[in-house]
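Student: Could you take me closely through the way one helix packs against another, and then follow that part outwards to whatever it touches? I would like the criteria spelled out as you go.

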Amino acid sequence: MTHLPKPLVTVAGRPEAPGLTIPQAYAVLIAGGFCLGLAPVVVKAMPLSADVSAFYRVALAAPLFLVLTVLAGPGAPPATARQGMCASGPPVWLYLLAAALFAADLLAMHMAIRLTNASIATLFTNCAPFFVGMFGLLGLSDRPGRNFWWSLPVALTGTLLLVGVSAFAGGGNVAGDAIALLAGFLYGAYLVTVRRLKLAGGSTFLIMAVVTAGSAVCLAPLLLWQEQILPPDGRTVALLLLLVLAGQVAGQGLVTVALKTLPVTSGSIVLLIQPVVAAPLAFIFLGETLTLVQIIGIALVLGSIRLATRPPQAHSG
């Protein structure tokens, strides 16, 4: 499939390179998903509560994104108003909605990771493709294409194999699984919101600066009920830095970049790479179960990603 080059835009009065091609955007998204897959293992390895680790994750990332926003300069305004957005750029309420959704998703995900098996929590929180598809059918996002419907059953089958074995192995927790599923819904809504921000001309760094700073403000009051707020040792500090730099700055930043080019439906399928990364890491570092059936589930998830990223077939005549 041939991809037409995108027109040049300007940033701070200078020419900017054309946008990503579809294959490049998928590569960026996979890299972001790999970084995000590290986060659940890091979160569970830390002696901090879900509220505290979630707060540090965004509070420490916010200054980095603010600096990057200033260095990058103003982004190019959208050429036209799309999907009901203003031609001058995304409305403020959309930025605030993204921040609130991400804060809620992050808190739910970190709670689920602490309550249940890390691979299970990662898998349920990445049920976002199902919810994204529903949003698309309701007209709230990109309408799912044929590749999405082919890949979704394969992805769900793989996730069921991964989750089912771990749950019966004794590492599961019903409340944790339910919270993780809620996180999947919230993350799906967040991805749809970020996609709309990107289509309306929002810059990656500005979006992430607002999301991280706004999430930190939302999560800060929860620290009042925590006994352990400061990292107790150097190991925890190192894990926090890994969580911030890999799980937040690199992971979410790359996902945001890719969502300007990719439909959020197929993009959400690709992000199922996260449990594929988290499961073997949890097996190695946390001693969590990883059986032959789970390996088959991982293979199915990878196969679903291949289906989702396959370019549409050209029709002759």
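Tutor: The crossing of helices α2 and α4 is right-handed, a term that applies when the near helix is turned clockwise from the far one by less than a right angle, anticlockwise being left-handed. The angle between α2 (residues 50–59) and α4 is about 135 degrees, and their axes lie 8 Å apart; the two helices are therefore oblique to each other, the class left over once angles under 35 degrees are called roughly parallel, over 145 roughly antiparallel and 65 to 115 roughly perpendicular. From α2 the contact draws on A50, D51, S53, A54, R57 and V58, and from α4 on F102, L106, L107, M109, H110, M111 and R114, where contact means heavy atoms within 4.5 Å. Sorted by class, the residues of this contact are 8 nonpolar, 2 polar and 3 charged (nonpolar covers Ala, Val, Leu, Ile, Met, Phe, Trp, Tyr, Cys and Pro; charged covers Asp, Glu, Lys and Arg; the others, Gly among them, are polar).

Please read all of this as a predicted model, in which local features need pLDDT of at least 70 and side-chain atom pairs count only at pLDDT 80 or more, while totals for chains, interfaces and linings use all residues. Residues are numbered from 1 along each chain as its sequence is written, and side-chain values use heavy atoms, with hydrogens and water left out. Helices (H or I, at least four residues) and strands (E, at least two) are DSSP runs numbered from the N terminus, and axes are lines fitted to C-alpha atoms, for helices over the stretch in contact, with angles from 0 to 180 degrees between N-to-C directions.

Within α4, H110 is a useful residue to follow. H110 counts as buried at 0% relative accessibility (buried means under 20% relative accessible area, exposed over 50% and partly exposed in between, with a 1.4 Å probe and protein chains only). Its C-alpha atom is 7.4 Å from that of D51, although the two residues are 59 apart along the chain. With neighbours up to four places away in sequence set aside, H110 touches V43, A50, S53, A54, R57 and L243.

L243 leads on to the packing of α2 against helix α10. The axes of α2 and α10 are 9 Å apart and the helices meet at an angle of about 60 degrees, which makes α2 oblique to α10 as well. This crossing is also right-handed. It brings S53, Y56, R57 and V58 of α2 into contact with L240, L243, V244, G247, Q248 and Q252 of α10, and by class these residues are 5 nonpolar, 4 polar and 1 charged.

Helix α10 (residues 234–258) packs with helix α3 (residues 61–72) too: their axes come within 10 Å and cross at roughly 55 degrees. That angle makes α3 oblique to α10, and the crossing is right-handed. Here A61, L64 and F65 of α3 meet V244, L245, Q248 and V249 of α10, a contact with 6 nonpolar residues, 1 polar and no charged.

Returning to α4, F102 also takes part in ring packing. The count of aromatic pairs is 3 (rings of Phe, Tyr and Trp, its six-membered ring, pair if their centres lie within 6.5 Å; planes under 30 degrees apart count as stacked, over 60 as edge-to-face and the rest as tilted). For F102 and Y190 the ring centres are 5.0 Å apart and the planes stand at 45 degrees, so the pair is tilted. This pair links distant parts of the chain, with F102 in α4 (residues 92–115) and Y190 in helix α8 (residues 174–199), 88 residues away. F102 is buried at 0% relative accessible area and Y190 is buried at 1%, and together with Y187 they form one aromatic cluster.

A99, also in α4, is buried with a relative accessible area of 3%. The C-alpha atoms of A99 and V211 are separated by 4.1 Å across 112 residues of chain, and, leaving out residues up to four places away, A99 touches V210, V211, G214 and S215.

For the wider setting, the protein has 13 helices and 2 strands, and buried residues make up 49% of its 317 residues. Among contacts between residues at least 6 apart in sequence, 87% join residues at least 24 apart.
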